[in-house]
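Trainee: I have a structure open and would like a close look at one part of it. Please take me through it slowly, then show me what surrounds it.

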Amino acid sequence: MNEAPVLLNPGPVTLTRQVRKAMAGPDLCHREPEFAELTQDILKDLESVYPTAEKHYKAILLAGSGTGAVEAMVGSFAPREACTLVVCNGVYGERMGAMLKAQGKPHELVDSGWLNPVDLDAVEKALKSRSDIEQVVVVHHETTTGRLNELSKLGELCKQHSCGLMLDAVSSFGAEEIDFENLPLTAVAGTANKCLHGVPGSAFVLARADLLENGTSQSPSVYLDLFRYAGQQDTGFSPFTQPVQCLYALRAALKELGQSGGAEARRKLYSRRSNLLRDHLRALGVNTLLKGDVYSSMLTSFKLPSGVDYDEFHDRLKADGFITYAGQGGLQGQIFRLATMGELPDATMHKLCVSLTSVFNPVVVS
Ligand SMILES: *Cc1c(COP(=O)(O)O)cnc(C)c1O
């Protein structure tokens, strides 16, 4: 196999030729005006991925992976003196709870279990029982299972109890819908290398502009304090060195997103690919982990048929040029996950289906 394998893991993604080429741009000092222009161009494009965000939200670019952006968001906005409610149903929700714990901030968990939707009754009960909850944090697309958490009812509950909502949108920003107008969003964290199709190394937070201007930072960290960045990035500069080549890639990726019809078109494209895989695997007797129409556009978790070992499955697919993704925690060895982001032409999807057929149904020749 000469070609690099196609990535079906939930980020990083297989790059387009343009994005890969962009990384080889000129060396740049991060204190020169050319760098400021690069930053400002990206910030503008990030703010306009969702037109409803443009007016009241400001993007802040950070060096690091998605977790860095989530930690910066929680660190900067979760109050030191009041309680934050962590609504979780997977690894990434639990991780936000761990962040608040590490930051020594008051918090409470509503854990719905990995296979379940967010338990809104339990959220309401928690909000009613504690009057000091000021922020609610939740994962938009829980990549652990592929569930896209429904946000509108949770947003209504937050509004009723005068709480802000913080979103880990690391695996949804750029494809799934985010209603900046009607959700009481304090901030939203995202990354360059998932639905935006950039390279790993750059992440970002979209935060309410009025809070960045007039609020007080709650950050226990120097490096991850969004308030340190906010003022300076208005001029295109950052307090610390940014990953210049990652930003070249991100700028190119954002232009491609715009040219290809934006987040909605991307969601439809991912859905088409995911539906193809779900239908194909169902016909082979391989079922999804979750029931019903609850999946994100970009990822599906499938139950491994009994007798099929994940590592063997992974290695067979890898030999055919595809990188699949295992389950985490208690789902390890029980499921496999397939993401549909990045450069995945129809011909590649077809090859993938042939490969899946040969693994799960060696008798049928596709
Ligand atoms: C990928 C992901 C993250 C961040 O992971 P990194 O490895 O730090 O990029 C956070 N939350 C969700 C929901 C994710 O899918």
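Does His197 count as buried or exposed, and at what relative accessibility?

Mentor: His197 counts as buried, because its relative accessibility is 7% and the cut-off for buried is under 20%. Keep in mind that this is a predicted model. His197 has its place in the loop between strand 9 and strand 10. Its backbone deserves a look too. Phi of His197 is near 70 degrees, which is a positive value in a residue other than glycine.

Set Ser162 beside it. Phi of Ser162 is also positive, near 50 degrees, and Ser162 is not a glycine either. Ser162 sits in the loop between helix 6 (152-160) and strand 8. Its relative accessibility is 65%, so Ser162 counts as exposed, since exposed means over 50%.

Now go back to the strands that flank the His197 loop. Strand 10 (residues 202-208) holds Phe204. Phe204 is buried, with a relative accessible area of 0%. Strand 9 (185-191) closes another loop, the one that starts after strand 8 (164-168) and carries Phe173. Phe173 counts as buried, at 1% relative accessibility.

These residues bring us to the aromatic rings. A pair of rings is described by the distance of the centres and the angle of the planes. The model has twelve aromatic pairs. Take Tyr50 and Phe173: their ring centres are 5.0 Å apart and their planes stand at 75 degrees, so the pair is edge-to-face. Tyr50 lies in the loop between helix 2 (33-48) and strand 2 (57-63), so its pair with Phe173 ties together parts that are 123 residues apart in sequence. Both Tyr50 and Phe173 are buried. Phe173 also pairs with Phe204, again edge-to-face, at 4.9 Å centre to centre with 70 degrees between the planes. Phe173 is in the loop and Phe204 in strand 10, so this pair joins parts 31 residues apart in sequence. Step back and a cluster appears: Tyr50, Tyr57, Phe173, Phe180 and Phe204 belong to one aromatic cluster.

One more ring contact involves a charge. Lys194 lies over the face of Tyr92, at 6.0 Å from the ring centre.

Next, look at Gln218. It lies in the loop between helix 7 (209-214) and helix 8 (226-233). Gln218 is buried because its relative accessible area is 18%, and the cut-off is under 20%. Its side chain reaches two backbone atoms. One is the nitrogen of Arg80, at 3.0 Å. The other is the oxygen of Thr216, at 3.1 Å. Leaving out residues up to four places away in sequence, Gln218 touches Gly75, Ser76, Phe77, Ala78, Pro79, Arg80 and Lys105.

Finish at the other end of the numbering. The peptide bond from Gly11 to Pro12 is cis, with omega near -5 degrees. Pro12 is in the loop between strand 1 (6-7) and helix 1. Helix 1 (17-22) also helps to line the largest pocket; helix 1 and helix 12 (346-360) are the elements that give two or more residues to that lining. The lining of the largest pocket has 17 residues, and Glu3, Ala4, Val6, Thr14 and Thr348 lie nearest its centre. The space in this pocket is about 430 Å³.

Methods
Residues are numbered from 1 along each chain as its sequence is written. This is a predicted model: local features need pLDDT of at least 70, side-chain atom pairs count only at pLDDT 80 or more; totals for chains, interfaces and linings use all residues. Side-chain values use heavy atoms; hydrogens and water are left out. Helices (H or I, at least four residues) and strands (E, at least two) are DSSP runs, numbered from the N terminus. Buried means under 20% relative accessible area, exposed over 50%, partly exposed in between (1.4 Å probe, protein chains only). A polar contact is a pair of N or O atoms within 3.5 Å; within protein, one must be able to donate a hydrogen and the other to accept it, and residues adjacent in sequence count only if both atoms are side-chain atoms. Contact means heavy atoms within 4.5 Å. Rings of Phe, Tyr and Trp (its six-membered ring) pair if their centres lie within 6.5 Å; planes under 30 degrees apart count as stacked, over 60 as edge-to-face and the rest as tilted. A charge sits over a ring if NZ of Lys or CZ of Arg is within 6 Å of the ring centre and within 35 degrees of the ring normal. On a 1 Å grid over the protein atoms alone, a cavity is a set of points where a 1.4 Å probe fits but cannot get out, and a pocket is an open set with protein on both sides within 12 Å along at least five of seven lines; lining residues have an atom within 4 Å of a point. Grid points are joined across faces, edges and corners, and a volume is the space filled by probe spheres set on the points.
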